[in-house]
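User: I am new to this structure and should like to understand the terms used to describe it. Please set each value against its definition.

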Amino acid sequence: MRYLLDSGILSDFIQARQPVMSRVIAAVRAGHVIGIGAPVLGEFIAGLMKSSDPARNLQRLNHKIGHLRLWSYDRSAAETYGDVQNDLRTRGLLIQVIDMQTAAIAKSLGSWLVVTKDSDFRRIPGLSIEDWSR
């Protein structure tokens with residue numbers, strides 16, 4: 001199984017918050033692949049650039065995510081994004097672009113998308129969601 005972490009769960013993982021930390025460890029021990037999408041990494045880096053010590057915080061981020069797989073936003077994800085965005089727009093349910101990009105990566109990979117309390121992802125048909133914050 002492949003698990004794609006969204007920014008909320010990634011933040012919990014970086015901060016070693018429970019139960020996220022134990023869920024990630026259990027999934028890795030079970031042989032599952034845990035990763036993030038490139039847009040989520042970009043969002044984190046942008047946030048770090050606003051911090052009082054960007055270099056130190058970027059080093060800390062890289063250390064914490066060093067064992068996670070990084071999935072790119074490739075052509076397949078871009079095509080899936082177009083479908084997702086069009087479907088949501090047609091239904092009047094647009095969500096943040098980064099959430100649609102993350103969902104598109106997950107759908108194009110056949111991965112599970114792990115979210116915290118972000119209900120926006122539930123608006124996307126065919127997306128498998130788990131909440132590791134509980």
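User: Which residue stands opposite V33 in β2?

Analyst: The residue opposite V33 in β2 is R2. This is a predicted model, in which local features need pLDDT of at least 70 and side-chain atom pairs count only at pLDDT 80 or more, while totals for chains, interfaces and linings use all residues. Residues are numbered from 1 along each chain as its sequence is written, and side-chain values use heavy atoms, with hydrogens and water left out.

User: What makes strand β1 and β2 a pair?

Analyst: Two strands pair if DSSP finds at least two bridges between them. Strand β1 (residues 2-5) and β2 have four bridges, in the parallel sense, so the definition is met. Strands themselves are DSSP runs of E with at least two residues, and helices are runs of H or I with at least four, numbered from the N terminus.

User: How many bridges join β2 to strand β3?

Analyst: Three bridges join β2 to β3 (residues 69-71), and the two run parallel. One partnership here is that of G37 with W71 in β3.

User: Why is S128 called partly exposed?

Analyst: Buried means under 20% relative accessible area, exposed means over 50%, and partly exposed lies in between (1.4 Å probe, protein chains only). S128 has a relative accessible area of 30%, so the middle term applies. S128 lies in the loop between β4 (112-115) and β5. By contrast, strand β2 (residues 33-37) is mostly covered, with four of its five residues buried.

User: What makes the link between the side chains of E130 and R23 a polar contact?

Analyst: A polar contact is a pair of N or O atoms within 3.5 Å; within protein, one must be able to donate a hydrogen and the other to accept it, and residues adjacent in sequence count only if both atoms are side-chain atoms. The side chains of E130 and R23 are joined at 3.4 Å, so the distance is within the limit. The side chain of E130, a residue of strand β5 (residues 129-131), also makes a polar contact of 2.8 Å with the side chain of W132.

User: Which residues does S128 touch, not counting residues up to four places away in sequence?

Analyst: S128 touches W112 and L113, where contact means heavy atoms within 4.5 Å. With its neighbours within four places in sequence left aside, E130 is in contact with residues including Y3, W112 and L113.
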